[in-house]
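Colleague: I'd like to take a close look at one part of this model. Could you walk me through it slowly?

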Amino acid sequence: DTDRALMLLEEYCKKLRKPEEQQLKKAIRKVMGIFKSSLFQALLGSFTKKATRHGTTSHPSFPAALAYDVLGCPKD
């Protein structure tokens, strides 16, 4: 879910303190802004409705899956 992805990304950003990590931190903050945008939320809602109709709701949500991939976290 989007809230979980945002939480993971925020935690990761807090760990980025070195000067050479600031560009990555800036990029992650842009992704977080996209996740919070009304356009993204509308597209996600549309995607979720289609997935429900096709019986594919058992797959992880896109935002959380993306955050896990970016952070290299194991998927639960």
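Colleague: Let's pick helix H1, residues 2-15: how far apart should its ends be at 1.5 Å a residue, and how far apart are its end C-alpha atoms?

Modeller: Happy to, and keep in mind that this is a predicted model. At 1.5 Å a residue, the 14 residues of H1 should span 20 Å, and the end C-alpha atoms are indeed 20 Å apart, so the two agree.

Now look at which residues are tucked away. Thr2, Ala5, Leu6, Leu8, Leu9 and Cys13 of H1 are buried. They lie on the same side of H1, because they cover an arc of only 165° around its axis. The background is simple: an α-helix has 3.6 residues a turn, so residues three or four places apart point the same way. Turn to the other side of H1 and you'll find Asp3, Lys14 and Lys15, which are exposed.

Next comes the partner, helix H2, residues 22-36. The axes of H1 and H2 come within 10 Å and cross at roughly 160°. Angles over 145 degrees count as roughly antiparallel, so that is what H1 and H2 are to each other. The crossing itself is left-handed.

Who touches whom? From H1, the residues that meet H2 are Thr2, Ala5, Leu6, Leu9, Glu10, Tyr12 and Cys13. On the H2 side, they meet Leu24, Lys25, Ile28, Arg29, Val31, Met32, Phe35 and Lys36.

Zooming out, the protein has 4 helices and 0 strands, and buried residues make up 25% of its 76 residues.

Technical notes:
Residues are numbered from 1 along each chain as its sequence is written. This is a predicted model: local features need pLDDT of at least 70, side-chain atom pairs count only at pLDDT 80 or more; totals for chains, interfaces and linings use all residues. Side-chain values use heavy atoms; hydrogens and water are left out. Helices (H or I, at least four residues) and strands (E, at least two) are DSSP runs, numbered from the N terminus. The expected span of a helix is 1.5 Å times one less than its number of residues. Buried means under 20% relative accessible area, exposed over 50%, partly exposed in between (1.4 Å probe, protein chains only). The arc is that of the directions from the helix axis to the C-beta atoms. Axes are lines fitted to C-alpha atoms, for helices over the stretch in contact, and angles run from 0 to 180 degrees between N-to-C directions. Angles under 35 degrees count as roughly parallel, over 145 as roughly antiparallel, 65 to 115 as roughly perpendicular and the rest as oblique. A crossing is left-handed if the near helix is turned anticlockwise from the far one by less than a right angle, and right-handed if clockwise. Contact means heavy atoms within 4.5 Å.
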